[in-house]
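The following exercises concern the reading of a single protein chain from its coordinates. Each task is followed by a solution that proceeds step by step.

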Amino acid sequence: RMRRPVQPAAQSNRPQYSPRSPIREEKSGWKVATIPPPLSAVTVESLLPQWRGSRRVARVDPLDGGLMNRNYKFRFADSGEAFVLRFFDRDPSACAKEAAVLRLVSGDVPVPRVLHVEANGADGFPAFLVLEFIDGISLRELKQRGDLRSIGQAAYDAGRALAGLARHRFDRSGLLTPALAVESGTYENATASALIDHFAES
């Protein structure tokens, strides 16, 4: 009895999501390799004279992580509340855009409050904003702990947040301006699957 020859599988340009594929592996290198340089309390005070009023900065600590921006955690002497000072070194125009997006989705998604924005920078520093500091751990750290119940809860919460984001729609795809208008660009008229393929291959 003769067997029919097995035809080789058609080649596809689509990324293969095998267990050992680098696409499936977490890109742990997506963060700044070094901690931002120290920033003095006096410097922070000079950048925020109107917003802070008479409050004095007691402590400033650089935050690791992130990829394009410098982040610092600071506290005032008369309060235990912490804040984040974020400098937009790579793309200063992203400062106003990030603040606008956070304010837009704040009613549907748990995001930090935007407390102060300097879209043009000050005293030789690039654009920056002040955010509410939310204490917690990264998803990467949570996965490393191996607590499956907590990971499942985080995944559930992420799904709820994604549903919240879906409530905010624009008339077409593209790049957002700081005023949240859509302009032509790399992702104009891109479908969701095309975006997934684009970032998977990057």
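The exercises below treat a predicted model, moving from the whole chain to its cores, its largest pocket and selected residues.

**Exercise 1. The chain as a whole**

Determine how many helices and strands the chain has, in which pattern they follow one another, and what percentage of the residues counts as buried.

Solution.
1. The secondary structure amounts to six helices and seven strands.
2. Along the sequence these elements are arranged as α-α-β-β-β-α-β-β-α-α-β-β-α.
3. The chain has 202 residues, of which 23% count as buried.
4. The exposed surface of the chain is about 14,300 Å², and carbon and sulfur atoms supply 53% of that area.
5. For contacts between residues at least 6 apart in sequence, 46% join residues at least 24 apart.

**Exercise 2. The nonpolar cores**

Identify which residues of the largest nonpolar core touch the most other members, and which elements each supply at least two residues of this core.

Solution.
1. The largest nonpolar core has 14 residues, and those touching the most other members are Leu-39, Val-44, Leu-48, Val-60, Phe-74, Leu-85 and Phe-87.
2. At least two residues of this core come from each of α1 (41-47), β1 (57-63), β2, β3 and β5.
3. Another core, of 10 residues, lies apart from it; its members include Ala-94, Leu-102, Val-114 and Ala-127.
4. To examine one member of the largest core, take Val-44: with residues up to four places away in sequence left out, Val-44 touches Leu-39, Val-57, Val-60, Phe-74 and Leu-85.
5. As general background, nonpolar side chains in soluble globular proteins tend to be buried together.

**Exercise 3. The largest pocket**

Establish how much space lies in the largest pocket, and which element gives the most to its lining.

Solution.
1. The largest pocket holds about 1,700 Å³ of space.
2. Its lining comprises 36 residues, and the closest to the pocket centre are Arg-86, Ile-134, Ile-137, Ser-138 and Leu-139.
3. The elements that each supply at least two lining residues are β2 (70-76), β3 (82-87), β5 (128-132), α4 (139-145) and α5 (148-165).
4. Helix α5 gives the most to this lining, namely six residues.
5. Sorted by class, the lining consists of 15 nonpolar, eight polar and 13 charged residues.

**Exercise 4. Burial classes of four residues**

Assign Glu-45, Ser-79, Ser-106 and Asp-123 to the buried, partly exposed or exposed class.

Solution.
1. Glu-45 belongs to helix α1. Its relative accessible area is 7%, and therefore Glu-45 is buried, the cut-off being under 20%.
2. With residues up to four places away in sequence excluded, Glu-45 touches Arg-52, Arg-56 and Val-57.
3. Ser-79 lies in the loop between β2 and β3. Because its relative accessibility is 33%, Ser-79 counts as partly exposed.
4. Ser-106 is located in the loop between α3 (94-105) and β4 (114-118). Its relative accessible area is 45%, so Ser-106 is partly exposed.
5. Asp-123 sits in the loop between β4 and β5. At 56% relative accessibility it exceeds the cut-off of 50%, so Asp-123 counts as exposed.

**Exercise 5. Separation in sequence and in space**

State what distance separates the C-alpha atoms in each of the pairs Ala-100 and Pro-178, Ser-106 and Leu-165, and Ser-79 and Val-57.

Solution.
1. Ala-100 is part of helix α3. Its C-alpha atom is 6.8 Å from that of Pro-178, although the two residues are 78 residues apart in sequence.
2. Neighbours within four places in sequence aside, Ala-100 is in contact with Pro-178 and Leu-180.
3. For Ser-106 and Leu-165, 59 residues apart along the chain, the C-alpha separation is 9.7 Å.
4. For Ser-79 and Val-57, 22 residues apart along the chain, the C-alpha separation is 9.7 Å.

**Exercise 6. Positive phi angles**

Report the value near which phi lies for Asp-123 and for Leu-180.

Solution.
1. The reference point is that most residues other than glycine have a negative phi.
2. Asp-123, a residue other than glycine, has a positive phi near 50°.
3. Leu-180, also a residue other than glycine, has a positive phi near 65°.
4. The position of Leu-180 is in the loop between β6 (175-176) and β7 (182-183).

Note on methods. Residues numbered from 1 in each chain as written. Predicted model: local features only at pLDDT ≥ 70, side-chain atom pairs only at ≥ 80, totals over all residues. Heavy atoms only, no water. 1 Å grid on protein atoms, 1.4 Å probe; cavity = no way out; pocket = protein on both sides within 12 Å on 5 of 7 lines; lining within 4 Å. Points joined across faces, edges and corners; volume = space filled by probe spheres on them. Helix = DSSP H or I, 4+ residues; strand = E, 2+ residues; numbered from the N terminus. Nonpolar A, V, L, I, M, F, W, Y, C, P; charged D, E, K, R; others polar. Core = buried A, V, L, I, M, F, W, Y, C linked by side-chain atoms within 4.5 Å. Buried < 20%, exposed > 50% of the residue type's maximum accessible area, 1.4 Å probe, protein only. Contact = heavy atoms within 4.5 Å. Areas by Shrake-Rupley, 256 points an atom, 1.4 Å probe, with all protein chains shown as cover.
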